[in-house]
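Work through the exercises below with the coordinates open. Each task is followed by a stepwise solution.

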Amino acid sequence: MGPGGVGATVQVTVVVCLAPRETREWILEMPEGALVADALRACGALPPSSSALAGEAVAPLVGVWGRAVALEARLQHLDRVEVYRPLKVDPKVARRERFARQGARSTG
């Protein structure tokens, strides 16, 4: 069917970062009007019984093309939904610690 017609779909890509330098990617056909949470459930990145939409603290941090969005955001055709892992170390702290170990002699 054409855009806006009955049964119209949108194609989205879901990318989940499982570990450092390790990602998993799915290309999905979702019904028009589907939400980010629907795409995550379809690929198994969000458990079907998850109450994350109810504001539960375990909701993953997600974005579309690098911009943070809510799980209730509507998907557009060719969106790239990204699920982010939490940072283990604050980048500013890591840089300070690296500088302290290396010293000023090796900085530009």
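## Exercise 1: Lay out the sheet

Task: In which order do the five strands stand in the sheet, and which strands are at the edges?

Solution.
1. The model is predicted. Its five strands make an open sheet, ordered E2-E1-E5-E3-E4, with mixed pairing.
2. Strand E2 (22-31) and strand E4 (67-69) have a single partner strand each, so they stand at the edges, and one side of each lacks a neighbour in the sheet.
3. From one strand to the next, the twist averages 30 degrees.

## Exercise 2: Assign the pairing sense

Task: Which sense, parallel or antiparallel, does each of these pairs take: E1 with E5, E3 with E5, E3 with E4?

Solution.
1. Recall the principle: strands of a sheet pair through backbone hydrogen bonds, in a parallel or an antiparallel way.
2. Take E1 and E5. They are parallel, with four bridges. Thr13 stands opposite Arg80 in E5.
3. Take E3 and E5. They are antiparallel, also joined by four bridges. Gly63 has Glu82 in E5 as its bridge partner.
4. Take E3 (residues 61-64) and E4. Three bridges join them, and they run antiparallel. Val64 faces Arg67 in E4.

## Exercise 3: Place the helix

Task: Which strands does helix H1 lie across, and at about what angle does it run to E2?

Solution.
1. Locate H1 at residues 36-43.
2. Check the strands it crosses: E1 (9-19), E2, E3, E4 and E5 (80-84).
3. Read the angle to E2: about 115 degrees.
4. Set this in the chain order. From the N terminus, the elements run β-β-α-β-β-β-α. The count is two helices and five strands.

## Exercise 4: Examine a buried charge

Task: Is Asp79 buried or exposed, and how far away is the nearest side chain of opposite charge?

Solution.
1. Find Asp79 in the loop between E4 and E5.
2. Asp79 is buried. For context, 27% of the 108 residues in the protein chain are buried.
3. Look for a charge partner. The nearest side chain of opposite charge is Arg80, 10 Å away. A salt bridge needs a separation within 4 Å, and Asp79 has none.
4. Look for polar atoms instead. A polar atom of the Asp79 side chain lies 2.8 Å from the backbone nitrogen of Gln76.
5. List the contacts, leaving aside neighbours within four places in sequence. Asp79 touches Gln11, Val12, Thr13, Val64, Trp65 and Arg74.

## Exercise 5: Gauge contact range

Task: Among contacts between residues at least 6 apart in sequence, what percentage join residues at least 24 apart?

Solution.
1. Keep the contacts between residues at least 6 apart.
2. Of these, 38% link residues at least 24 apart.

Definitions and conventions. Residues are numbered from 1 along each chain as its sequence is written. This is a predicted model: local features need pLDDT of at least 70, side-chain atom pairs count only at pLDDT 80 or more; totals for chains, interfaces and linings use all residues. Side-chain values use heavy atoms; hydrogens and water are left out. Two strands pair if DSSP finds at least two bridges between them. Axes are lines fitted to C-alpha atoms, for helices over the stretch in contact, and angles run from 0 to 180 degrees between N-to-C directions. Contact means heavy atoms within 4.5 Å. Buried means under 20% relative accessible area, exposed over 50%, partly exposed in between (1.4 Å probe, protein chains only). Lys and Arg count as positive and Asp and Glu as negative; His and the chain ends are not counted. A polar contact is a pair of N or O atoms within 3.5 Å; within protein, one must be able to donate a hydrogen and the other to accept it, and residues adjacent in sequence count only if both atoms are side-chain atoms.
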